[in-house]
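Biologist: Could you take me through this protein and tell me what stands behind each label you use?

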Amino acid sequence: MALKQISSNKCFGGLQKVFEHDSVELNCKMKFAVYLPPKAETGKCPALYWLSDTSPRGCNIKGEDESWDFGTGAGFYVDATEDPWKTNYRMYSYVTEELPQLINANFPVDPQRMSIFGHSMGGHGALICALKNPGKYKSVSAFAPICNPVLCPWGKKAFSGYLGTDQSKWKAYDATHLVKSYPGSQLDILIDQGKDDQFLLDGQLLPDNFIAACTEKKIPVVFRLQEGYDHSYYFIATFITDHIRHHAKYLNA
């Protein structure tokens, strides 16, 4: 699959690049960013995948730009089964299959060493990708993830639109439900949550349900409630070093 470089900037001694390609899974053009550390010039590096609130772009689906919490605003990292979304809205398969294959084929990456993390809807994406693929990712972490989407307004709206009205299908993309049937291969989870996050207070994130499910299954999870922090990138910037260190423990092992 041909990659077109959009930009390249020197950053922390390495290079921050943006590429565009024609996605097979999503049936549209997609962009992704890659940071190549200095070490990438001489050998293979582990890969750490970051998920934000990403969706397919420019699919020309009627109504896809109408709201910020559905369509182009929120793909929710599911493989949609409902019209008109099912042709393009396959972010789960894109993230777990197509993108890693693309990265492994085009960059100096060790395919056996990959981890995943993300923020908000991307935090939900990171958790479900790790929980649905035991052993694929060495570690997982999240900032303010949507932990139990089948029970929150965002999740109900997105899942009914993408997956239909049969709620049993929703559970396949819900971290709290997935952890209950997780087969128990080693997974060490780190979650940071701002205590003053409006979406936490509004019942959109529901981390307590996820923590309870992890505790029941004896899956290690470190949950840190950070006083005074909200849902923004200032919150992420403050604690992201801790997350990178968390992943480095497993990726460099």
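What follows is a friendly talk about the labels and the values behind them.

Modeller: Gladly, and please keep in mind that this is a predicted model.

Biologist: Let's begin at the N-terminal end. What makes strand S1 an edge strand?

Modeller: An open sheet of 3 strands has the order S1-S2-S3, with antiparallel pairing. Strand S1 (4–11) and strand S3 (28–36) each pair on one side only, and they are the edge strands. On average, neighbouring strands of this sheet are turned by 15° against each other, direction ignored.

Biologist: How do you know that S2 and S3 are paired?

Modeller: Two strands count as paired if there are at least two bridges between them. Strand S2 (residues 14–23) and S3 run antiparallel and are joined by 9 bridges, so they meet that cut-off. One of the partners to look for is Lys29 in S3, which bridges to Asp22.

Biologist: What is unusual about Asn27?

Modeller: Asn27 has a positive phi of about 60° although it is not a glycine. You will find Asn27 in the loop between S2 and S3. Lys218 also has a positive phi, about 60°, and is not a glycine either. Lys218 sits in the loop between helix H7 (207–217) and strand S8 (221–226).

Biologist: Why is Lys218 called exposed?

Modeller: Its relative accessibility is 73%, and the label needs over 50%. Lys218 therefore counts as exposed.

Biologist: And why is Val78 called buried?

Modeller: Buried means under 20% relative accessible area. Val78 has 0% relative accessibility, so it counts as buried. Val78 belongs to the loop between S4 and H1. Leaving out residues up to four places away in sequence, Val78 touches Tyr89, Arg90, Met91, Tyr92, Phe159, Tyr162, Leu163 and Tyr173.

Biologist: How far is Val78 from Val95?

Modeller: The two are 17 residues apart in sequence and 9.9 Å apart in space, C-alpha to C-alpha.

Biologist: What makes the bond before Pro84 a cis bond?

Modeller: The peptide bond from Asp83 to Pro84 has omega near 0°, and it is cis. Pro84 is in the loop between S4 and H1.

Biologist: On to the helix after that loop. Where does H1 bend?

Modeller: H1 bends by about 30° at Glu98, and a proline, Pro100, follows within four residues. Helix H1 (residues 91–106) lies across S2 and S3, at about 55° to S3.

Biologist: Which residues of H1 are buried, and what covers them?

Modeller: The buried residues of H1 include Met91, Tyr92, Val95, Glu98, Leu99, Leu102 and Ile103. Their cover includes S2, S3, strand S4 (45–51), strand S5 (109–119) and helix H2 (121–132).

Biologist: How do you know that S5 and S6 are paired?

Modeller: S5 and S6 run parallel and are joined by 4 bridges. At least two bridges are needed, so these strands pair. Phe117 stands opposite Ser141 in S6. From strand S6 (residues 140–143), Val140 and Ala142 point one way and Ser141 and Phe143 the other way, and all are buried.

Biologist: What order do the strands of that sheet have?

Modeller: It is an open sheet of 5 strands in the order S4-S5-S6-S7-S8, with parallel pairing. S4 and S8 are the edge strands, since each pairs on one side only. H2 packs on the sheet and touches S4, S5, S6 and strand S7 (189–194), with its direction at about 140° to that of S5. H8 also packs on the sheet, touching S4, S5, S6, S7 and S8, and its direction makes about 175° with that of S6.

Biologist: Which residues are closest to the centre of the largest pocket?

Modeller: The largest pocket holds about 1500 Å³ of space. Of the 40 residues that line it, Ala33, Val34, Tyr35, Leu48 and Trp50 are the closest to its centre.

Biologist: Which element gives the most to that lining?

Modeller: S3 does, with 8 residues. At least two residues of the lining come from each of S2, S3, S4, H1, S5 and helix H8 (233–251).

Notes:
Residues are numbered from 1 along each chain as its sequence is written. This is a predicted model: local features need pLDDT of at least 70, side-chain atom pairs count only at pLDDT 80 or more; totals for chains, interfaces and linings use all residues. Side-chain values use heavy atoms; hydrogens and water are left out. Axes are lines fitted to C-alpha atoms, for helices over the stretch in contact, and angles run from 0 to 180 degrees between N-to-C directions. Contact means heavy atoms within 4.5 Å. The bend at a residue is the angle between axes fitted to the seven residues ending there and the seven starting there. Buried means under 20% relative accessible area, exposed over 50%, partly exposed in between (1.4 Å probe, protein chains only). On a 1 Å grid over the protein atoms alone, a cavity is a set of points where a 1.4 Å probe fits but cannot get out, and a pocket is an open set with protein on both sides within 12 Å along at least five of seven lines; lining residues have an atom within 4 Å of a point. Grid points are joined across faces, edges and corners, and a volume is the space filled by probe spheres set on the points.
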